[in-house]
Amino acid sequence: MIPMRGFRIEFVERRRRRAAWVVLAVSVGFFAWSWNHFEERSEAAKLAAAAAAKPAAVDDPPEVQQQADARLRRRALDYPWPAVLTELEAFADQDTSVLRFEHLRSDENTRVTIRTKDFTSLEHALARVRRVALPGREWKIVSTSRDATDASHPLHAELTAAKGAIEGRMVQ
Amino acid sequence: MWWEAPTSWEVYLDTERAIVRRRDRSNLRVTWKHVGVVPRSGLADALRAANAKSPRATGSLSVVLGSSLCRFETLHQVGSVWRTSDLVALARSRIEQRMRESGSSLRVTTEAIWDSSAIACAIRTDVYANIESTAASCGLILASVRPWIGELLIGIRRQLKDAQAVALQEADSVTLAIAQDGLPSIQTLPARDEPSSNECLRLLAVNSAIPLSSVRRFRLNLYSEKGERRIRHSFTDLVVPVST
């Protein structure tokens, strides 16, 4: 036997629930729109910052290009070439030798690939290049690798003087 | 506080009178206030007067209807293939046939409470329109209009336990709700005083072929004093058991 139980019969149509769903949908839509808007603004800001840092584009007016070129030349002249090259040449006296030196005007970063006898020599080399102060930049070891065919200098490393922190990677 | 919950008004309505209560919610506390028993025609004025004292401008109105305003119909063996609109159409035609009332003058709604049985309830369109206009004239949102017997059976289910027949004596009607052989049935007769109420209940029990002694009886204590007992949701505190 089943006992008598209550029931709920509603005469008022559920308009308020529908309204709640509409409010929820509008809120979700607004959140999605605002997030997208934020992303677009953020992207635009990044592009604007990158454009400001870059030299003038090819299709810029001639005077703008000239100004950008002059600025780059001025910065290139400010680079402490004698000090850097002196330190690199001094490597030849130690257990270290330079395989490659690279300095690009586009990003103004300096990259040096060297080969050393061991990690102690690499540490000495890093200490030497760090004597050369580059404004806004810091020398770091970006990667190391071991060359088994090079008996005298098996440890190869890439040093970089770049803006901000660079995550190093070790390759054995 | 920058936001406060609106005041809720709860009204019990039968053919002649209305019981009005106010529910306030602040700081997660719900407080009830018994406003009073007023003639049905004076409900709007009573709500307006009470609402004028309320610090909050908006509110909602929940109405429970006495059985004298409701026409019940139970639909058996409807199964799960029936849509709600089909159930409402069937209930409307049956009530129309039984009460000899025009279907267009009734507002019908239903709820399936057992696997294959549904209870439908109809009220006159003008009764519903009157409730709607009362809410609108008082600036209240009409939150719900429900038959009281259904709410009551939910509210006092612990007292019912395994009762299969429940009788409710209201001021102007007597209702017998039974679950015989798992099939629900609700019958109502108008009765305005105690002797006629008892006689009507006896008739309903005979009609349903159940002994009167097996019926769990309750009575609406309409003039319960304010503060006499703790106010509960859906006026369930106004119901007192009647010894048979």
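This is a short tour of a predicted model with two chains, A and B, one stop at a time.

**Stop 1: the whole complex**

Start with everything shown. For the complex, the predictor gives an ipTM of 0.85 and a pTM of 0.61. Now colour both chains by pLDDT. Chain A has an average of 80, with 87% of its residues scoring at least 70. In chain B the average is 84, and 89% of the residues score at least 70.

**Stop 2: chain A from end to end**

Select chain A and follow the ribbon from the N terminus. You will pass four helices and five strands, in the order α-α-α-β-β-α-β-β-β. Of the 172 residues in this chain, 12% count as buried. Take the contacts in chain A between residues at least 6 apart in sequence: 54% of them join residues at least 24 apart.

Where in chain A is confidence lowest, and where is it highest? Select strand β5 (residues 169–170) of chain A for the lowest mean, 46, and strand β2 (residues 110–116) of chain A for the highest, 88. Then widen the selection to residues 165–172 of chain A, where the pLDDT is below 50. Beyond near neighbours in sequence, that stretch has 13 contacts in the model.

**Stop 3: helix α2 of chain A**

Select residues 62–78 of chain A, which form helix α2. Try the distance tool on the C-alpha atoms at its two ends: they are 24 Å apart. This agrees with the expected span, because 17 residues at 1.5 Å a residue should cover 24 Å. Is α2(A) well covered or hardly covered? It is hardly covered, as the count of buried residues among its 17 residues is zero.

**Stop 4: helix α4 of chain A**

Next, select residues 119–129 of chain A, helix α4, and show the side chains. Here L122(A), A125(A) and V129(A) are buried. Why do they lie on the same side of α4(A)? They cover an arc of only 60° around the axis, and that puts them on one side together. The general rule helps here: an α-helix has 3.6 residues a turn, so residues three or four places apart point the same way.

Turn the helix around. On the other side of α4(A), T120(A), E123(A) and A127(A) are exposed. To see what covers the buried residues of α4(A), add its neighbours in chain A, including α3 (81–90), β1 (96–103), β2, β3 (138–146) and β4 (155–162).

**Stop 5: chain B and its core**

Move on to chain B, which has six helices and 13 strands. Buried residues make up 39% of its 244 residues. Among its contacts with a separation of 6 or more, 58% are between residues 24 or more positions apart.

The largest nonpolar core has 68 residues, and V11(B), V20(B), L65(B), V166(B) and L176(B) touch the most other members. Strand β7 (residues 118–124) of chain B supplies the largest share of this core, six residues. Apart from it lies another core, of eleven residues, among them I114(A), V129(A), L155(A) and A157(A). You met V129(A) as a buried residue of helix α4.

**Stop 6: where the chains meet**

Centre on V166(B). Leaving aside neighbours within four places in sequence, its contacts are M4(A), L153(B), L160(B), A177(B), R216(B) and F218(B). Finally, select the contact between the chains: twelve residues come from chain A and 30 residues from chain B. On the side of chain A that touches chain B, eight residues are nonpolar, one is polar and three are charged.

Methods:
Residues numbered from 1 in each chain as written. Chains lettered and ligands numbered in written order. Contact = placed C-beta atoms within 7 Å. Nonpolar A, V, L, I, M, F, W, Y, C, P; charged D, E, K, R; others polar. pLDDT = per-residue confidence, 0-100. Expected span 1.5 Å × (residues − 1). Buried ≥ 20, exposed ≤ 12 C-beta atoms within 10 Å, placed from the backbone. Arc of directions from axis to C-beta. Core = buried A, V, L, I, M, F, W, Y, C linked by C-beta atoms within 7 Å.
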